[in-house]
Amino acid sequence: MAEEKKSNKVIETIGDVVTVVILVFSVIFTALTLASLKSENGLPNVAGYSLFSVQSDSMEPVFYTGDLLLIREYRGEDLEAGDIISFRTIEQGQYIINTHRIVECHDVSGIKTYTTRGDNTPANDQTDVVESEIVGVYAYKSEQVDGVDNGKRVKGLGTAIDFVKGTGETGEKWSWTIGEGTENERRLNLSFLFFIILPLALIFIFQIYKFIAALNESKKEKMMEEVVNNAELSEELKQKAIEEYLAKQAAEQAAKAEEAKPDEAPADTDNKGEN
């Protein structure tokens, strides 16, 4: 009985830890999603910073495809050649956000534009960037240390977020189009189903298991009390029930004491004879 209770305790502890991890992940994911819906540029914005997942290798080795960038919101400050900025642009007929380095700055009649290029590309971007298209700044040249850009990034985390949210190239691979070619065409994000919906369902099932286990334990205790207190039972049966109950309690207390006892060093079994 003590071993069974110990095993159940281990299962409950592991389940509780997994539950907390899943809930924290779900809260963060939901918060980032809601922040991106409220943001004008479609990126999560928290306290003036946005999270951006890199979709190409155009800026290697500064950052790589799948990295998660932390971009500071652009508020009209002066920029210079060498700064790395994120900006809205249209590529192959699709609205995207690029993060490239400024190579030239222009000011024509008070209108500032910037020529940009990826560090890993041989040519400048086809169109210059105007201030209204700038989303944020990844790194300023003035803050470089030994020629190294000081932008903040987390390696590989962008791919994981794209996978869960169903965005970018990674997200598209894990999405399923429903009603393709019709007016009701929509895309179902399978990764959201597997990594948000199903884990939450498992948490719900685990909580039901804990409730049933607690209920069964309560019933056992109540049954034992009824047996002990039942006046209609013979003295012999009552005495036997009491002994079984006390034995059970003693075994549980002994198991608890054994768990609380510190590990002892093994005894030295190597007996040496006297010279």
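# A tour from Lys-112

Begin by selecting Lys-112, which counts as partly exposed at 25% relative accessibility. Buried here means under 20% relative accessible area, exposed means over 50%, and partly exposed lies in between (1.4 Å probe, protein chains only). The model is predicted: local features need pLDDT of at least 70, side-chain atom pairs count only at pLDDT 80 or more, and totals for chains, interfaces and linings use all residues. Residues are numbered from 1 along each chain as its sequence is written, and side-chain values use heavy atoms, with hydrogens and water left out.

## The whole chain

Display the entire protein chain before going further. Its secondary structure comes to five helices and 11 strands; these are DSSP runs numbered from the N terminus, with helices (H or I) of at least four residues and strands (E) of at least two. Of the 275 residues, 27% count as buried. The accessible surface comes to about 19,000 Å², of which 57% belongs to carbon and sulfur atoms; such areas come from the Shrake-Rupley method with a 1.4 Å probe, and for residues only the protein chains shown count as cover.

Next, colour by pLDDT, the predictor's confidence in each residue, from 0 to 100. The chain averages 78, and 72% of the residues score at least 70. Confidence is highest in strand 6 (residues 111-117), at a mean of 95, and lowest in helix 3 (residues 168-173), at 64. Over residues 271-275, pLDDT stays under 50, and the model has zero contacts for them beyond four places in sequence; a contact means heavy atoms within 4.5 Å. Where pLDDT is low, the predicted coordinates should not be read in detail.

## Two hairpins

Select strand 4 (residues 84-91) and strand 5 (residues 94-108), which run antiparallel and are joined by eight bridges. Two strands are said to pair if DSSP finds at least two bridges between them. Ile-84 stands opposite Arg-101 of strand 5. These strands form a hairpin with two residues between them, and in the turn Gln-92 has a positive phi of about 55 degrees.

Now add strand 6, which pairs with strand 5 in the antiparallel sense over seven bridges. Val-108 has Ile-111 of strand 6 as its bridge partner. Two residues again lie between the strands of this hairpin, where Ser-109 takes a positive phi near 55 degrees.

## Thr-99 and His-106

Which residues should be selected within strand 5? Thr-99 is one of them, placed in that strand.

Thr-99 is buried, with a relative accessible area of 4%. Not counting residues up to four places away in sequence, Thr-99 touches Phe-52, Met-59, Phe-63, Leu-69, Ile-71, Ile-84, Ile-85, Ser-86 and Tyr-138. Its side chain makes a polar contact with the side chain of Ser-86 at 2.7 Å. A polar contact is a pair of N or O atoms within 3.5 Å; within protein, one must be able to donate a hydrogen and the other to accept it, and residues adjacent in sequence count only if both atoms are side-chain atoms.

Move along to His-106, also found in strand 5. His-106 is partly exposed, at a relative accessible area of 26%. Its side chain makes a polar contact of 2.9 Å with the side chain of Thr-115. Among the residues that His-106 touches, leaving aside those up to four places away in sequence, are Lys-112 and Asp-128. His-106 and Asp-128 are 22 residues apart in sequence and 9.3 Å apart in space, C-alpha to C-alpha.

## Salt bridges

How many salt bridges does the structure hold? There are six, each being a side-chain nitrogen of Lys or Arg within 4 Å of a carboxyl oxygen of Asp or Glu.

Return to Lys-112 and select Asp-78, with which it forms a salt bridge; the closest N and O atoms are 3.0 Å apart. This pair links distant parts of the chain, 34 residues apart: Asp-78 in the loop between strand 3 and strand 4, and Lys-112 in strand 6. Asp-78 counts as exposed, at 61% relative accessibility.

Then select Arg-101 and Asp-119, whose salt bridge has its closest N and O atoms 2.8 Å apart. Asp-119 lies in the loop between strand 6 and strand 7 (129-130), while Arg-101 is in strand 5, 18 residues apart. Is Arg-101 buried or exposed? At 14% relative accessibility, Arg-101 counts as buried. Add Asp-149 to the selection: salt bridges that share partners join Arg-101, Asp-119 and Asp-149 into one network.

Finish at Arg-72 and Glu-143, which form a salt bridge with the closest N and O atoms 3.3 Å apart. Arg-72 is in strand 3 (residues 68-73), and Glu-143 is in the loop between strand 8 (134-139) and strand 9 (152-154), 71 residues apart. Glu-143 counts as partly exposed, at 33% relative accessibility.
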